[in-house]
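Notebook open, coffee poured. I want to go through a few spots in this fold and write down what I find.

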Amino acid sequence: MQLYSVSDLLNQKNRVPEIAVKGWVRTFRANRFIALNDGSTLENIQCVVDFEQTDEALLKRVTTGAAVEIKGELVESQGKGQAIEILVSHLTILGDSDPDTYPIQPKKHSFEFLRENAHLRTRTSTFSAIMRIRSTLSFAIHKYFNDNGFYYMHTPIITGSDAEGAGEMFKVTKLDPKHPPLDADNNVDYAQDFFGKETNLTVSGQLEAETYAMSLGKVYTFGPTFRAENSNTSRHLSEFWMIEPEVAFMDLPGNMDLAEDFLKSVLNYVLETNKTDIEFLEKRLRDEEKKKPQAERSSLSLIEKLNFVIDNNFKRVSYTEAIDILRNSKPNKKKKFKYPIEDWGADLQSEHERFLVEKHFKCPVILFDYPAAIKAFYMRLNDDGKTVRAMDILFPGIGEMVGGSQREERLDVLKEKMAALQIPEEELWWYLDLRKYGTAVHSGFGLGFERLVMFVTGMTNIRDVIPFPRSPQNAAF
């Protein structure tokens with residue numbers, strides 16, 4: 001007897017006399033109808049039990065959450081709500097579930113409650129759909145880069161450099177926290193630590209990826225990164241995944257082309273592959289939108305947002321032009337923005353980014369040539385001496401999706417920028433070597449994977465799109 005997945009069975013067009021399927025009970029009603037799900041699809045398959053020929057003690061063990069094996073015949077359904085069903089000939093309980101304590105009962109649960117039960121939340125339709133989409137997006141990312149000649153590299157998780165210059169990093173040490181060794185100046189002597197120097201969890205694999213781009217040409221990283229910011233907002237995690245391609249001999253316009261093509265490709269792939277999951281999440285989102293005041297409702301449905309990105313060319317606008325648009329906009333003049341735009345040099349907030357995308361240009365937007373003062377040291381300085389060759393890609397509903405730049409390839413300019421920011425050359429000697437030995441124009445960008453999953457699923461809290469979220473005061477599971 002062949003073992004099928006629920007997904008395979010639901011795609012069967014013909015009657016199958018002998019099948020076997022394993023999964024978890026979602027519901028068991030009238031002592032007769034089991035709704036079975038194995039995670040392969042959003043949909044359950046109905047299994048019809050002949051209770052007169054099934055042991056009563058066995059039926060009492062068919063409770064929500066129980067793992068079962070069902071053997072029987074796949075037939076056309078006699079009832080409404082499903083095209084096919086299984087006539088059960090043999091039922092085996094593989095794992096019991098206590099109905100009095102099982103948390104994921106067949107009712108609506110709050111996302112807060114489900115985060116407290118993150119180990120079981122994928123037993124719900126919403127979270128099983130989210131995690132299937134997350135898996136598909138991961139595959140689509142690797143597929144895109146593989147199809148376009150990129151090499152996948154694993155950058156170190158433990159690092160001695162701070163790519164962002166922000167200082168919000170998690171320290172990695174084996175020293176005794178109560179009695180660390182001290183040097184002659186009474187500072188902690190990290191020379192005696194495990195790595196012989198001060199080390200942290202990485203905030204980005206970009207700097208290391210640049211080294212490989214300058215020999216392999218086109219590389220990308222896709223791995224975990226860590227930020228020690230004490231932020232508990234719905235948009236921040238302490239541990240998250242980053243996609244970071246780096247390409248030699250590519251300037252900023254080429255970087256824009258790559259990012260736009262990449263985003264359209266992966267979104268189109270997941271829209272085609274996970275259509276049922278996305279349609280389910282769209283309905284969930286639509287129901288949630290109905291509860292909001294009319295003014296706060298989104299003008300685009302979930303699928304419309306995805307197609308908004310796939311079907312539209314990204315508008316390329318300089319930061320200076322964007323500031324002029326925002327400064328003269330009605331929301332700014334009427335003081336509707338929480339953060340009013342007054343002078344050139346302001347760091348744009350999500351409300352400004354969304355205005356540009358959703359109200360002004362009505363398409364995805366790429367902003368470029370930002371003030372050097374609000375961007376990282378490694379971004380190439382423009383000839384005006386005050387802006388850098390940076391870019392941010394803005395999406396509807398979420399604001400910034402991608403941040404990238406043409407990297408500073410000139411040794412003297414990079415040294416000057418590092419000195420101005422008091423970044424010691426000895427800490428990044430290897431990074432400077434790239435500018436000494438065969439330097440060339442090169443570019444790349446970073447994309448927070450969970451932010452992309454949020455966009456595709458319509459979820460509004462980043463903790464709901466990663467299996468086990470890590471945030472301040474939260475490292476459960």
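Which residue in strand 6 is the bridge partner of Ala67? I looked it up, and the partner is Gly95. A note to self before going on: this is a predicted model.

**Entry 1: strand 5 and its neighbours**

I stayed with strand 5, which covers residues 67–76. Its pairing with strand 6 (residues 84–95) is antiparallel and runs over 10 bridges. I then checked strand 2, residues 16–29, and found that it also pairs with strand 5 in the antiparallel sense, over 7 bridges. For a register check on that side, I noted Lys22 opposite Glu69 of strand 5. Next I asked how many of the 10 residues in strand 5 are buried. The count is 8, so I put the strand down as mostly covered, with buried meaning under 20% relative accessible area. A reminder for reading any strand: in a regular one the side chains alternate between the two faces of the sheet.

**Entry 2: helix 4 against helix 14**

Here I went for the packing of helix 4 (residues 125–147) on helix 14 (residues 449–457). The angle comes out at about 125°, and the axes are 10 Å apart. That makes helix 4 oblique to helix 14, because angles between 115 and 145 degrees fall outside the parallel, antiparallel and perpendicular ranges. I logged the crossing as right-handed.

Which residues make the contact? From helix 4 I listed Ile130, Ile133, Arg134, Leu137, Ser138 and Ile141. Helix 14 brings Phe449, Glu450, Leu452, Val453, Val456 and Thr457. Sorted by class, I get 8 nonpolar, 2 polar and 2 charged residues in this contact.

**Entry 3: two lysines**

I pulled up Lys218 first, which sits in strand 11 (residues 218–226). Buried or exposed? Lys218 counts as partly exposed, because its relative accessibility is 30%. Leaving out residues up to four places away in sequence, I found Lys218 touching Asn148, Gly149, Phe150, Tyr151, Glu246 and Val247. I also checked Lys218 against Gly444: the two are 226 residues apart in sequence, but 9.7 Å apart in space, C-alpha to C-alpha.

Then I moved to Lys333, which belongs to helix 10 (residues 330–333). At 59% relative accessibility, Lys333 goes down as exposed, since the cut-off for exposed is over 50%. With residues up to four places away in sequence left out, I have Lys333 touching Arg327 and Asn328.

Key
Residues are numbered from 1 along each chain as its sequence is written. This is a predicted model: local features need pLDDT of at least 70, side-chain atom pairs count only at pLDDT 80 or more; totals for chains, interfaces and linings use all residues. Side-chain values use heavy atoms; hydrogens and water are left out. Axes are lines fitted to C-alpha atoms, for helices over the stretch in contact, and angles run from 0 to 180 degrees between N-to-C directions. Helices (H or I, at least four residues) and strands (E, at least two) are DSSP runs, numbered from the N terminus. Angles under 35 degrees count as roughly parallel, over 145 as roughly antiparallel, 65 to 115 as roughly perpendicular and the rest as oblique. A crossing is left-handed if the near helix is turned anticlockwise from the far one by less than a right angle, and right-handed if clockwise. Contact means heavy atoms within 4.5 Å. Ala, Val, Leu, Ile, Met, Phe, Trp, Tyr, Cys and Pro count as nonpolar, Asp, Glu, Lys and Arg as charged, and the others, Gly among them, as polar. Buried means under 20% relative accessible area, exposed over 50%, partly exposed in between (1.4 Å probe, protein chains only). Two strands pair if DSSP finds at least two bridges between them.
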